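User: I would like to learn how to read a structure like this one, feature by feature. Can we work through it together?

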Amino acid sequence: MTERAERGPSPRLLMADSGLHAVLDAMFDEVAIAESIRSDDGTVVDFRMLYLSPNTLDGAGRSGPELLGRTLLEMFPGRAQSGLLGRF
């Protein structure tokens, strides 16, 4: 499995920008930024959370800091059968 094909600045590099973090942290709405995880043939197989605003709560009551760095399928295993990933 490959993390992603390089197309412009990496989302991880963009998220390292403290100015960007300050802007996102100041937003009233919840913000989530993820990068795709792809199989060797380029198919999206998951997403990794790179940024979640401090006020983010998921349906299970987990906060943004608890979810940071985790994958969509780690957090919500049922999404594997939902067909969601096939849309990307």
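Analyst: What follows is a short reading of this predicted model, from overall fold to single residues.

User: Start with the fold. How many helices and strands are there in the protein chain?

Analyst: List the elements, then read their order. The protein chain has four helices and two strands. Along the sequence the pattern runs α-α-β-β-α-α.

User: What share of the residues is buried?

Analyst: Burial is read from relative accessible area. Of the 88 residues in the protein chain, 34% are buried. The exposed surface comes to about 5,600 Å², and carbon and sulfur atoms supply 59% of it.

User: And how do I read contacts along the sequence? What percentage of them comes from residues 24 or more positions apart?

Analyst: Set a minimum separation, then ask what share is long-range. Take the contacts with a separation of 6 or more: residues 24 or more positions apart account for 41% of them.

User: Next, the core. Which residues form the largest nonpolar core?

Analyst: Look for buried nonpolar side chains that join up. Here the largest such core has eight residues: V44, F47, M49, L52, L67, L72, M75 and L85. Two elements, β2 (44-52) and α4 (72-75), each supply at least two of its residues. The strand β2 gives the most, with four.

User: Take one core residue. Why does F47 count as buried?

Analyst: Compare its relative accessible area with the cut-off. F47 counts as buried because its value is 15%, and buried means under 20%. F47 is found in strand β2.

User: Which residues is F47 in contact with, leaving aside neighbours within four places in sequence?

Analyst: Skip the close neighbours, then list what remains. For F47 the list is A34, E35, S36, I37, R70, T71, L72, L85 and F88. C-alpha distances give another view. F47 and E74 are 27 residues apart in sequence, with 9.7 Å between their C-alpha atoms.

User: L72 is on that list. What does L72 touch, beyond residues up to four places away?

Analyst: Read the contact from the other side. L72 touches D46, F47, R79, L84 and L85.

User: Then L84. Is L84 buried or partly exposed?

Analyst: L84 is partly exposed, with a relative accessible area of 25%. L84 lies in the segment after α4. Beyond four places in sequence, L84 is in contact with L72 and R79. L84 and V45 are 39 residues apart in sequence and 9.9 Å apart in space, C-alpha to C-alpha.

User: Now charges. How many salt bridges are there?

Analyst: Look for oppositely charged side chains that meet. The count comes to one salt bridge. The side chains of R62 and D58 form a salt bridge at 2.6 Å, N to O. R62 is buried, and D58 is buried too.

User: What about R38? Which side chain of opposite charge is nearest to R38?

Analyst: When a buried charge lacks a salt bridge, look for the nearest candidate and then for polar contacts. R38 is buried and has no salt bridge; D41, the nearest side chain of opposite charge, is 7.9 Å away. R38 is found in strand β1 (residues 32-38).

User: Which polar contacts does the R38 side chain make with S36 and with G42?

Analyst: Check side chains, then backbone. The side chains of R38 and S36 are joined by a polar contact of 3.3 Å. The R38 side chain also reaches the backbone oxygen of G42, at 2.7 Å.

User: Finish with the surface. Why does P65 count as exposed?

Analyst: The same reading applies at the other end of the scale. P65 counts as exposed because its relative accessible area is 60%, and exposed means over 50%. P65 sits in helix α3 (residues 64-67). P65 and N55 are ten residues apart in sequence and 9.4 Å apart, C-alpha to C-alpha.

User: And where does E30 lie?

Analyst: Place the residue, then read its exposure and contacts. E30 lies in the loop between α2 (18-25) and β1. At 47% relative accessibility, E30 is partly exposed. Leaving aside neighbours within four places, E30 is in contact with S53, N55, T56 and L57. E30 and L57 are 27 residues apart in sequence, yet 8.4 Å apart in space, C-alpha to C-alpha.

How values were computed:
Residues numbered from 1 in each chain as written. Predicted model: local features only at pLDDT ≥ 70, side-chain atom pairs only at ≥ 80, totals over all residues. Heavy atoms only, no water. Core = buried A, V, L, I, M, F, W, Y, C linked by side-chain atoms within 4.5 Å. Buried < 20%, exposed > 50% of the residue type's maximum accessible area, 1.4 Å probe, protein only. Contact = heavy atoms within 4.5 Å. Lys, Arg positive; Asp, Glu negative; His and termini not counted. Salt bridge = Lys/Arg side-chain N within 4 Å of Asp/Glu carboxyl O. Polar contact = N/O pair within 3.5 Å; in protein donor to acceptor, adjacent residues only side chain to side chain. Areas by Shrake-Rupley, 256 points an atom, 1.4 Å probe, with all protein chains shown as cover.
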